[in-house]
Amino acid sequence: MVKEKKFYLTKEGLEKIKKEYKDLKDLKFFKTKGEMPKIWHSEDLNPEYLSFQEDLSFLETRIAELEYIFKNAELIKTPPKEKQNIINLGAQITVGVDGQTDEFEIVGTLEANPALGKISNESPVGRVLLGHKVGDEVIVSSPIKTVYKIKKIKYLTS
Amino acid sequence: MEKILNFLIEIGKLKRLPRRGWVIRGIKNPETIAAHTFRMAVMSWLLGRKKKLDINKVIKMSLIHDLCEVYAGDTTPFDSKFFSKNKKQWKEITKKWPRFSKKEKEENFKRKYKKENKALKKLILNLSPALKKEIIHLWVDYEKGLKKEGKFVHQLDRIENLLQALEYWKKGKQFAIEPWWIQIEELVDDPALLEFMKVLDKKFHKKKSKDKK
């Protein structure tokens with residue numbers, strides 16, 4: 001049997017997706033009634049919404065996608081105090097790399113945004129950092145060898 | 001129609017604008033922004049077609065992702081903190097992938113987003129409301145990686161850049177290739193693109209098996 005993909009989400013990330021789901025359900029309701037609330041015209045809204053206005057099947061596809069995410073979502077929990085010295089999902093870490101310092105947060109793929117320092121646990125770097133402690137030197141070596149020295153691990157208490 | 005023509009004339013400037021990342025590394029006659037966009041659009045189609053993506057949206061997103069640079073110009077991660085007016089220092093600066101604190105990353109992201117959003121709105125000002133909306137929404141998804149299409153195209157943008165870097169590097173080895181691989185390994189998590197990275201590694205870094213014989 002094919003193993004279903006798990007979606008690791010922070011509490012904040014899960015709330016965001018729940019809101020999108022609710023909004024889309026509302027939109028579908030209005031659309032099927034032939035109405036369109038003014039709120040959907042804002043450009044700050046989800047970019048999908050435009051296509052949804054044009055095509056009901058896109059809207060239904062996204063709703064189904066979100067339902068799949070809910071079904072397979074796993075909330076990232078802050079580990080117990082004795083395990084907070086180990087990098088896990090949700091860890092905010094400071095590393096030394098290439099003579100410089102960088103700050104990352106390890107998140108699930110849905111919330112990853114490296115431009116903001118949110119590294120996916122499924123990226124090559126995210127994967128190798130998991131399970132390590134302060135003082136460890138983690139090597140990513142394909143094809144260029146890079147050493148990440150872990151300086152600090154922190155978890156935001158939920 | 002005239003408004004569309006004017007828009008096309010404006011975006012035609014991207015056929016002449018060189019990518020800044022190559023300029024600061026001293027590449028002669030570097031690729032333009034339009035050249036990068038062209039190959040990225042083809043890549044997004046070829047590498048995205050087997051994924052459960054809205055491929056029409058993915059290709060459109062690739063085509064529009066850098067349009068804002070007509071007015072915003074091209075920027076590199078080195079520009080915000082490490083940039084030096086002294087061209088002699090550029091080679092040294094670009095040897096390492098630039099690192100930032102969480103706060104700096106947030107500030108850089110906001111600054112770039114604001115500048116490019118403003119430029120894009122100026123560029124599409126006279127297009128029809130439907131086209132304007134579609135372009136803005138595609139761009140926001142790409143910039144913020146909101147949905148699977150936005151995430152895929154965002155990662156693909158870096159992969160195309162890596163491919164071009166490898167091609168230039170293989171030719172003259174006049175700059176350090178390490179920063180490209182480092183950023184890519186922090187950024188890419190899409191299985192199809194991770195697979196493609198292995199192919200790039202094999203093609204450009206590892207000797208072919210027949211060479212070993």
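## Helices, a sheet and a shared interface

In chain B, the axes of helix α9 (residues 148-172) and helix α10 (residues 178-187) come within 10 Å and cross at roughly 160 degrees. This is a predicted model, so everything described here is a feature of a prediction. Let us stay with these helices for a moment.

Are α9(B) and α10(B) roughly parallel or roughly antiparallel to each other? Angles over 145 degrees count as roughly antiparallel, and α9(B) and α10(B) therefore fall into that group. The crossing in which α9(B) passes α10(B) is left-handed. On the α9(B) side, the contact is made by B:Q155, B:R158, B:L162 and B:A165. On the α10(B) side, B:W180, B:Q183, B:I184 and B:L187 take part. By residue type, this contact of α9(B) with α10(B) holds five nonpolar residues, two polar ones and one charged.

Helix α10(B) also appears where the chains meet. Here 28 residues of chain B are in contact with 29 residues of chain A. Which elements of chain B give two or more residues to the side that touches chain A? They are α7 (102-124), α8 (129-144) and α10 (178-187). Helix α8(B) provides the largest share, with seven residues. Sorted by type, the chain B side has ten nonpolar, four polar and 14 charged residues.

Now turn to chain A. Its domain assignment gives domain 1, residues 7-75, and domain 2, residues 81-154. Where these domains touch, domain 1 of chain A contributes five residues and domain 2 of chain A contributes seven. On the domain 1 side, the largest share is three residues, and these come from strand β1 (residues 7-9) of chain A. That side divides into three nonpolar residues, two polar residues and no charged ones.

Chain A also has an open sheet, built from five strands in the order β5-β4-β3-β7-β6, with mixed pairing. Strands β5 and β6 (137-140) of chain A stand at the edges and have a single partner strand each, so one side of each is left without a neighbour in the sheet. From one strand to the next, the twist averages 45 degrees. In a regular strand, the side chains alternate between the two faces of the sheet.

Three of the pairings in chain A can be set side by side:

| Strand pair | Direction | Bridges |
|---|---|---|
| β3(A) (residues 92-97) and β4(A) (residues 100-107) | antiparallel | six bridges |
| β3(A) and β7(A) (residues 146-154) | antiparallel | six bridges |
| β4(A) and β5(A) (residues 118-120) | parallel | three bridges |

Individual residues help you trace these pairings in the structure. Start at A:G96, which stands opposite A:T101 in β4(A). A:G96 also stands opposite A:K149 in β7(A). Another residue to look for is A:T94, whose bridge partner in β4(A) is A:E103. Moving on to the parallel pairing, you will find A:I106 opposite A:I119 in β5(A).

How many residues lie between β3(A) and β4(A) in their hairpin? There are two residues between these strands, and A:D98 in the turn has a positive phi of about 55 degrees.

How values were computed:
Residues are numbered from 1 along each chain as its sequence is written. Chains are lettered from A and ligands numbered from 1 in the order in which they are written. This is a predicted model: local features need pLDDT of at least 70, side-chain atom pairs count only at pLDDT 80 or more; totals for chains, interfaces and linings use all residues. Two residues are in contact if their C-beta atoms, placed from the backbone, lie within 7 Å. Helices (H or I, at least four residues) and strands (E, at least two) are DSSP runs, numbered from the N terminus. Ala, Val, Leu, Ile, Met, Phe, Trp, Tyr, Cys and Pro count as nonpolar, Asp, Glu, Lys and Arg as charged, and the others, Gly among them, as polar. Two strands pair if DSSP finds at least two bridges between them. Axes are lines fitted to C-alpha atoms, for helices over the stretch in contact, and angles run from 0 to 180 degrees between N-to-C directions. Angles under 35 degrees count as roughly parallel, over 145 as roughly antiparallel, 65 to 115 as roughly perpendicular and the rest as oblique. A crossing is left-handed if the near helix is turned anticlockwise from the far one by less than a right angle, and right-handed if clockwise. Domain bounds come from an automatic or database domain assignment.
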